[in-house]
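Welcome! Here are some short exercises to help you find your way around a new structure. Try each task yourself before reading its solution.

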Amino acid sequence: MLYRNDGDSTFTNLVGAGVGDTGPCYGGVWADFDKDGDLDIYITKNNQANVLYSNDGDNTFTSVPGAGAGDTGPGRGVTAGDYDGDGDVDLYVVNSNQANVLYRNDSDTNRWFVVDTRGTLSNRSGIGALVSLTAGGVTRIRQVEGGSGYCSQNSMAVEFGLGSATTATTLRIEWPSGVVDVHSSLPANRWVTAIEGGILVGVEDGEGNGDLEPHSAGLFLSRGRPNPFTESTIFIYSLPGHGTDEGLSSRGSQMIHSADPQYGDGGVRLRLFDVQGRLVRTLVDRTGLPGFHAVRWDGRDDRGNRVGPGVYLAVLSSSLGTETQKVVALH
């Protein structure tokens, strides 16, 4: 049975939706397998052929028996995710006491966009974040989940099908911490890592992306978010990891947090200065760990007093060098 949420604490049973399979079902997963912008359904069954239902976009679904994913084993769990990084959602089916099955999605139509969330003030994986993507005049909403289906866990990267749209006009992320990040004019067919505080990593320059934060494998300090600010602002900084896998993997899907021998007992400092060069506040003074980090400045100095309105310099320093950003306090 498929029950549509009517948004008023009631549900409607969509009797004619075309998903009334009567077999012994265990697992189920929602994903946009054909990248047309709406969510399809895949269910696992016990010793019967598993079923893929394609969403027709009008509250009905069509069974796709020729999709090649109709394993007939004692199906239990199922997980969906883009394991090969080509933009379409693949499937992994778990059978009881029989060989599990990996199904690679070979869909070559429609465009896509994948968002991998990395929390800073929120939990590291961004579980609970609401990710909204607008493309082709349609807004699609997904939530980063920590568990799904029968004994299963989908990829926590959020996969969107865009249909024929070439650009995502808006990407909005509402983090569990209450921080809201908004990005605009993002090209289709991209896998990006969204870091809480307003940073995107993984979108190429020159593709019409207006707010891509410059990032290299070395020391990095973001602009304050927001800037100017009244109550508080957030800085995000990163230190490279060891060897060639520095900061983020090439697909932007892995944060490097292992200890790095190059730092030894060296430290990292993030300090605020006024335009006369006087130290106002030390936000970070500790051993440098690879990866992305976030720190909030509440607009107060080291004595706990609110600073006056004006321009301040955020200076990140370590054995690798120094990065500086200007921030404007309005209070």
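In which strand is Val94 found? Keep in mind as you look that this model is predicted.

**Exercise 1: Val94 and its surroundings**

Task: Place Val94 in its strand, then work out whether Val94 is buried, partly exposed or exposed.

Solution:
- Begin with the strand: Val94 sits in S8, which covers residues 90-95.
- Next, consider accessibility. Buried would need under 20% relative accessible area, and exposed would need over 50%. Val94 has 31%, so Val94 counts as partly exposed.
- Finally, look around Val94 on the surface. Together with Tyr83, Tyr92 and Leu102, Val94 makes a nonpolar patch of about 360 Å².

**Exercise 2: An open sheet**

Task: Find the order of the strands in the open sheet formed by 4 strands, and name the edge strands.

Solution:
- Strands of a sheet pair through backbone hydrogen bonds, either parallel or antiparallel.
- Follow the strands across the open sheet: the order is S13-S10-S16-S17, with mixed pairing.
- Now check the ends. S13 (158-163) and S17 (199-201) each pair on one side only, which makes them the edge strands.
- For the twist, neighbouring strands of this sheet are turned by 25 degrees against each other on average, with direction ignored.
- Zoom in on S16 (residues 190-195) and S17: they run antiparallel and are joined by 3 bridges. Thr193, for instance, has Val201 in S17 as its bridge partner.

**Exercise 3: Salt bridges**

Task: Compare the surroundings of three salt bridges, starting with Arg4 and Asp6.

Solution:
- Side chains of opposite charge can pair when their charged atoms come close. The count here comes to 10 salt bridges.
- Arg4 and Asp6 meet with N and O 3.2 Å apart. Arg4 is partly exposed at 34% relative accessible area, and Asp6 is also partly exposed, at 32%.
- Asp116 and Arg118 form a salt bridge as well, with their closest N and O atoms 3.4 Å apart. Here both residues are buried.
- Asp285 and Arg269 meet at 3.5 Å, N to O. Asp285 lies in S21 (residues 279-287) and Arg269 in S20 (residues 267-274), so this pair ties together parts that are 16 residues apart in sequence. Asp285 is exposed at 53%, whereas Arg269 is partly exposed at 37%.

**Exercise 4: A network**

Task: Which residues are linked with Arg281 in a network of salt bridges?

Solution:
- Start from Arg281 and trace the network: its other members are Asp298 and Asp302.

Definitions and conventions:
Residues numbered from 1 in each chain as written. Predicted model: local features only at pLDDT ≥ 70, side-chain atom pairs only at ≥ 80, totals over all residues. Heavy atoms only, no water. Pairing = 2+ DSSP bridges. Helix = DSSP H or I, 4+ residues; strand = E, 2+ residues; numbered from the N terminus. Axes fitted to C-alpha atoms, helices over the stretch in contact; angles between N-to-C directions. Patch = residues over 30% accessible without salt bridge, like charges linked within 9 Å, V, L, I, M, F, W, Y side chains within 5 Å. Areas by Shrake-Rupley, 256 points an atom, 1.4 Å probe, with all protein chains shown as cover. Salt bridge = Lys/Arg side-chain N within 4 Å of Asp/Glu carboxyl O. Buried < 20%, exposed > 50% of the residue type's maximum accessible area, 1.4 Å probe, protein only.
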